[in-house]
Amino acid sequence: MSASIIPVIFARLDSRRLPGKVLEPLLGGQCVIDELLVQLRRMAEQVPGVIEPIIATTSRAVDEPLVQKARLAGVAAVTDHFAPLKRLSAIAAAHPQCWLWRVNADSPLLLQPLIEFAAAQLQGMDDQVHVITNLVDRSFPYGVSLEMFRAAVINAVNLDQATPEQLEHITPVTQQLPSRAVFGVTAGDLDLARFDPGVRLTIDDATDAGFFRALWTDPDFQRTRPGSVERVNYAYNRRRSGET
């Protein structure tokens with residue numbers, strides 16, 4: 001049986017450059033959270049091991065609409081500390097036998113073959129491997145990322161001694177692990193040509209929001225399947241060419 005993989009959607013509403021972006025109807029009239037939930041639920045049906053997602057937000061009043069969104073969508077919401085690592089730690093403590101897949105709420109282009117590849121590696125995976133990631137040797141566009149952590153490695157982090165960078169970005173936790181504990185994935189593992197990781201497919205500011213609004217109404221983009229290589233390629237090529 002495949003190990004359980006919990007997609008954890010990290011979201012806050014007080015983005016400095018584009019407040020409230022994850023609940024704005026940027027994607028053909030729907031928000032990024034709804035788009036991610038649709039894709040993740042499809043993956044839960046198609047990818048062995050992937051189960052229902054969790055929205056990880058804060059306990060602050062400003063983020064209460066995310067809790068309401070989770071309730072309406074029928075998914076769990078974990079409300080905890082402002083620092084993402086502390087939120088992930090709370091989920092790891094509740095699910096100690098699972099893998100936790102970090103999903104960023106500003107990145108609506110998930111790549112299903114990437115998570116399928118990672119999930120397949122869990123069959124017979126060495127117990128010494130604690131992280132599966134494509135961020136060591138970056139060969140995908142910025143925003144098409146994969147970070148999966150064994151809950152046990154997050155539970156082992158001493159939060160009182162964690163650096164501010166670890167608390168905010170989580171990824172630096174990987175840098176403290178021996179190389180044998182990190183399984184790196186590249187585009188070549190999926191038989192894909194390397195992408196330019198400098199091409200950004202995230203929604204960070206108003207320019208990004210404009211790009212994704214236009215992308216989601218592009219008939220050629222809409223003909224691609226959510227989660228597919230073709231969809232990511234289309235968005236990547238359009239962004240790389242400077243189209244908005």
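How many nonpolar, polar and charged residues are in the lining of the largest pocket? I opened the notebook with that one, keeping in mind that this is a predicted model.

**Entry 1: the largest pocket**

I found 10 nonpolar, 10 polar and 12 charged residues in the lining of the largest pocket. The lining has 32 residues, and the space inside the largest pocket comes to about 960 Å³. I then looked for the residues that lie nearest the centre of this pocket, and they are Arg 102, Asn 104, Asp 106, Glu 168 and Asp 204. For the elements behind the lining, I noted α3 (84-94), β4 (99-104) and α6 (164-169), each of which supplies at least two residues.

**Entry 2: the second largest pocket**

I moved on to the second largest pocket, with about 210 Å³ of space. Its lining includes the run Pro 96, Gln 97, Cys 98 and Trp 99. I also wrote down Ala 3, Leu 122, Gly 124, Met 125 and Asp 127 for this lining, along with Arg 150, Ala 151 and Ala 152. By class, I have eight nonpolar, two polar and two charged residues around the second largest pocket.

**Entry 3: cavities**

How many cavities of 30 Å³ or more does a search of the whole structure find? I got three.

The largest cavity holds about 80 Å³ of space. I listed Trp 101, Arg 102, Val 103 and Asn 104 in its lining, then Ser 107, Leu 109 and Leu 110, and finally Gly 143, Val 144 and Ser 145. That lining divides into five nonpolar, four polar and one charged residues.

For the second largest cavity I have a volume of about 60 Å³. Here the lining is made by Trp 101, Leu 109, Leu 110, Leu 111, Leu 114, Ile 115, Val 144, Ser 145 and Leu 146. Its classes are eight nonpolar, one polar and no charged residues.

A cross-check was worth making: Trp 101, Leu 109, Leu 110, Val 144 and Ser 145 line the largest cavity, and these residues also line the second largest cavity. Arg 102 and Asn 104 line the largest cavity, and both are also among the residues nearest the centre of the largest pocket.

**Entry 4: α1 with α2**

Next I turned to helix packing. Two packed helices are described by the angle between their axes and the distance between the axes.

At what angle do the axes of α1 and α2 cross? I read roughly 40° for α1 (residues 32-46) and α2 (residues 64-73), with the axes coming within 11 Å. An angle of roughly 40° therefore makes α1 oblique to α2. I noted the crossing of α1 and α2 as right-handed.

Ile 33, Asp 34, Leu 37 and Arg 41 are the α1 residues that meet α2, where Leu 66, Lys 69 and Ala 73 take part. By class, this contact has four nonpolar, no polar and three charged residues.

**Entry 5: α8 with α10**

My last pair was α8 (residues 206-216) and α10 (residues 229-240), whose axes come within 12 Å and cross at roughly 130°. That angle makes α8 oblique to α10. Is the crossing of α8 and α10 left-handed or right-handed? I have it as right-handed.

On the α8 side, the contact is made by Thr 207, Asp 208, Phe 211, Ala 214, Leu 215 and Trp 216. Arg 231, Tyr 234, Ala 235, Arg 238 and Arg 239 make it on the α10 side. I sorted the residues of this contact into six nonpolar, one polar and four charged.

How values were computed. Residues are numbered from 1 along each chain as its sequence is written. This is a predicted model: local features need pLDDT of at least 70, side-chain atom pairs count only at pLDDT 80 or more; totals for chains, interfaces and linings use all residues. Side-chain values use heavy atoms; hydrogens and water are left out. Axes are lines fitted to C-alpha atoms, for helices over the stretch in contact, and angles run from 0 to 180 degrees between N-to-C directions. Helices (H or I, at least four residues) and strands (E, at least two) are DSSP runs, numbered from the N terminus. Angles under 35 degrees count as roughly parallel, over 145 as roughly antiparallel, 65 to 115 as roughly perpendicular and the rest as oblique. A crossing is left-handed if the near helix is turned anticlockwise from the far one by less than a right angle, and right-handed if clockwise. Contact means heavy atoms within 4.5 Å. Ala, Val, Leu, Ile, Met, Phe, Trp, Tyr, Cys and Pro count as nonpolar, Asp, Glu, Lys and Arg as charged, and the others, Gly among them, as polar. On a 1 Å grid over the protein atoms alone, a cavity is a set of points where a 1.4 Å probe fits but cannot get out, and a pocket is an open set with protein on both sides within 12 Å along at least five of seven lines; lining residues have an atom within 4 Å of a point. Grid points are joined across faces, edges and corners, and a volume is the space filled by probe spheres set on the points.
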